[in-house]
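Reader: Please take a close look at a single helix here, and set it in the context of the chain.

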Amino acid sequence: MLKFDYKNADAQIIGQENGLNISEEFSQYKARIAEIIADLNKRKDKPGQWLQWMNLGYSEETVWYVKEYASMVRNRFENILVLGIGGSALGGMAVTEALLKPYWNLLTPEQRDNFPRIFFLDNIDPDTINGLLDVLDLKKTLVNVITKSGSTAETMSQFMIVKSRLEAELGEDEYRKNVVATTDKETGVLRQIAEQEGYKTFVVPDDVGGRFSVFSAVGLLPFALVGIDIDEITNGIKDMDLALKNTDINENIAAQNALIQYLMDTKKGKNLSVMMPYSSRLKYVSDWYVQLWAESLGKDCDKFGNHVHVGPTPIRALGATDQHSQIQLYNEGPNNKIINFVRVEEFDTNLEIPRIFEYTGIGYLGGKTINDLINAEADSTRVALADYARPTVTITLPRIDGYHVGQLLYMLEVQTAIAGELYNINTFNQPGVEQAKNYTYALMGRAGYEDSARVLQAKMASV
Ligand code: PA5
């Protein structure tokens, strides 16, 4: 299981001004936390609660269909191209980066065990899209278009470009075999198109929001297509889910971190939450966490409709790289952050540094391992931050594999849901995103958005 260490957020280590009296806080919030956990587990099967993501680890049917399709298309494609944005892309990027061999797309087919390369287009930079389409042989590419709403402008415009090119290369019948759509089971334009064109489809289940969808077909399908063992991931989630059903805060690491982050923000003015894994393979876990934390907790109104404008600001960082970029600020700048370290106990590789130089400044490195160095840097940065009275917590993964990465992401999802209850906001909506989406529709001339377009044109003319 994952380990969670919060002692460097405690007042005993970093002082009363910046630290929390954690055991006292745990006792004080014991009943509230127990109530939140019991309530989440009670509501998770009810429609309209947006808590179906808590059941995804148990969805044997989805796993079966995903595996069946993956084995059907095995050896047919050289590339997987995922089109999606936000919650429809970030989980896939985080898990594939963590679990595939590094530099996967540069490996030979044999080194990849004949599984395809994988590319994510999660933005609409014309140069990048064009650049990628120039290097991919579309005839040998399976395009997985993912959008729950079925009408997200970024994803669907990419899809329209890719579909036209695929059709031009393969013909109007054959091209369909190179498309698989993941979307709502009934509603949305992509669902209509998929039915009309006869695409293979997978479902984003009801009551699962984009940023909580990584363990639905949104993530599981791309993972299976590139040979990731999805049973290992779901086993990790199930074991973590069992542990996180424990209503005792002293035994529940998601509840502990949710409360610590919440109190650091609301009591100690530390409204920035940095996610800093010490592993390049986990770098997109930070991106995924940033979206999860920001979209879930950054809200105007509380559940009673009061304007509260809450939400800690998440920041992505990477150890050890950002020690040479951000740590100066974190040590000496405003004391307004809590840093979440993610540390890996055992890497797949043990990389020794050869004893080839005797210079005093670097000779000491010879004979050690890069593994020792990265973890020594994580530990020393944590201690240095404590010297500056800066709070940190540390999540430790025994190793990076499907089981533990599944656990990490699921723990962070549950932590987010609990934090949302502590802030007393709706964790699962995103009215602020919808507003910008609607403005984009209006600007681009979507029917039904004419009034918004007029308002918007007037606003834009006046600034
Ligand atoms: O978490 C969310 O709900 C959002 O980030 C969505 O995932 C994102 O806006 C993409 O939406 P869709 O999947 O409908 O294209």
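Author: The chain holds 17 helices and 12 strands; helices (H or I, at least four residues) and strands (E, at least two) are DSSP runs, numbered from the N terminus. This is a predicted model, in which local features need pLDDT of at least 70 and side-chain atom pairs count only at pLDDT 80 or more, while totals for chains, interfaces and linings use all residues. Residues are numbered from 1 along each chain as its sequence is written, and side-chain values use heavy atoms, with hydrogens and water left out.

The helix chosen is α11, residues 283–297. Its 15 residues should span 21 Å at 1.5 Å a residue, and the end C-alpha atoms are 22 Å apart, which agrees; the expected span is 1.5 Å times one less than the number of residues. Of these 15 residues 11 are buried, so α11 is largely enclosed by the rest of the structure. Buried means under 20% relative accessible area, with a 1.4 Å probe and protein chains only. Among the buried residues of α11 are Trp288, Tyr289 and Trp293, and also Val285, Val290, Leu292 and Leu297. The buried set includes Ser286, Asp287, Gln291 and Ser296 as well.

As for the chain around α11, 52% of its 463 residues count as buried. Residues 24 or more positions apart account for 76% of the contacts with a separation of 6 or more, a contact being heavy atoms within 4.5 Å. The C-alpha trace spans about 70 × 65 × 50 Å along its principal axes.

Definitions and conventions. Buried < 20%, exposed > 50% of the residue type's maximum accessible area, 1.4 Å probe, protein only.
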